[in-house]
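The following report describes charged side-chain pairs and a surface patch. Please have the sequence and the structure at hand while reading.

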Amino acid sequence: MASNLSTEQRIRRTALRLLEKSGPEAVTMRRIARANGITPMAIYHHFATREALLKAVVDAEFGEFLDMVGKQPVYGSPGEQIVHALDGYMDYALTRPRIFDYVFG
């Protein structure tokens with residue numbers, strides 16, 4: 001089954017999956033390369049360092065988090081609005097705990 005994703009997108013997706021499943025220590029260039037059928041050095045064409053890759057993944061995930069918070073209803077008093085925003089924060093934390101820990105840790 002051919003993927004319509006670019007190599008960079010596949011690398012990011014694999015890094016996110018590893019981060020979500022096993023935490024940041026599991027995100028290695030070798031594991032990502034093996035999962036995508038490329039060499040570890042090929043990853044450096046897209047990301048200068050492992051830290052740059054993790055930053056790209058975290059930046060995208062922070063966008064996902066903001067989307068979850070933004071989907072919360074915006075009504076009521078300012079205090080109620082804060083509670084609704086915190087509901088989005090908790091939803092993200094509970095559905096993606098390892099990523100949440102890494103993003104906000």
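## Salt bridges and a surface patch

A search of the whole structure finds 5 salt bridges, a salt bridge being a side-chain nitrogen of Lys or Arg within 4 Å of a carboxyl oxygen of Asp or Glu. The model is predicted, so that local features need pLDDT of at least 70 and side-chain atom pairs count only at pLDDT 80 or more, while totals for chains, interfaces and linings use all residues. Residues are numbered from 1 along each chain as its sequence is written, and side-chain values use heavy atoms, with hydrogens and water left out.

Three of these pairs are listed here with their N to O distances.

| Pair | Distance, N to O |
|---|---|
| Glu20 and Arg96 | 3.4 Å |
| Arg50 and Glu51 | 3.9 Å |
| Lys55 and Asp59 | 2.8 Å |

Glu20 and Arg96 form a salt bridge. This pair links distant parts of the chain, 76 residues apart, with Glu20 in helix α1 (residues 7-22) and Arg96 in the loop between α5 (78-95) and α6 (97-104). Helices here are DSSP runs (H or I, at least four residues), numbered from the N terminus. Glu20 counts as partly exposed at 32% relative accessibility, whereas Arg96, at 18%, counts as buried; buried means under 20% relative accessible area, exposed over 50%, and partly exposed in between, for a 1.4 Å probe and protein chains only.

In the pair of Arg50 and Glu51, Arg50 is partly exposed with a relative accessible area of 26%, and Glu51 is exposed at 52%. Lys55 and Asp59 lie 4 residues apart in helix α4 and are therefore separated by about one helical turn. Of these two, Lys55 is exposed, with a relative accessible area of 52%, and Asp59 is partly exposed, at 42%. Beyond single pairs, salt bridges that share partners join Glu20, Glu61 and Arg96 into one network.

The surface also carries a nonpolar patch, formed by Phe62, Leu66 and Phe104, which together have about 250 Å² of accessible area. Patches are made of residues with over 30% relative accessible area and no salt bridge, like charges being joined within 9 Å and nonpolar side chains (Val, Leu, Ile, Met, Phe, Trp, Tyr) within 5 Å. The accessible areas come from the Shrake-Rupley method with a 1.4 Å probe, and for residues only the protein chains shown count as cover. Leu66 is found in helix α4 (residues 50-70) and is partly exposed, with a relative accessible area of 44%.

Terms used
Helices (H or I, at least four residues) and strands (E, at least two) are DSSP runs, numbered from the N terminus.
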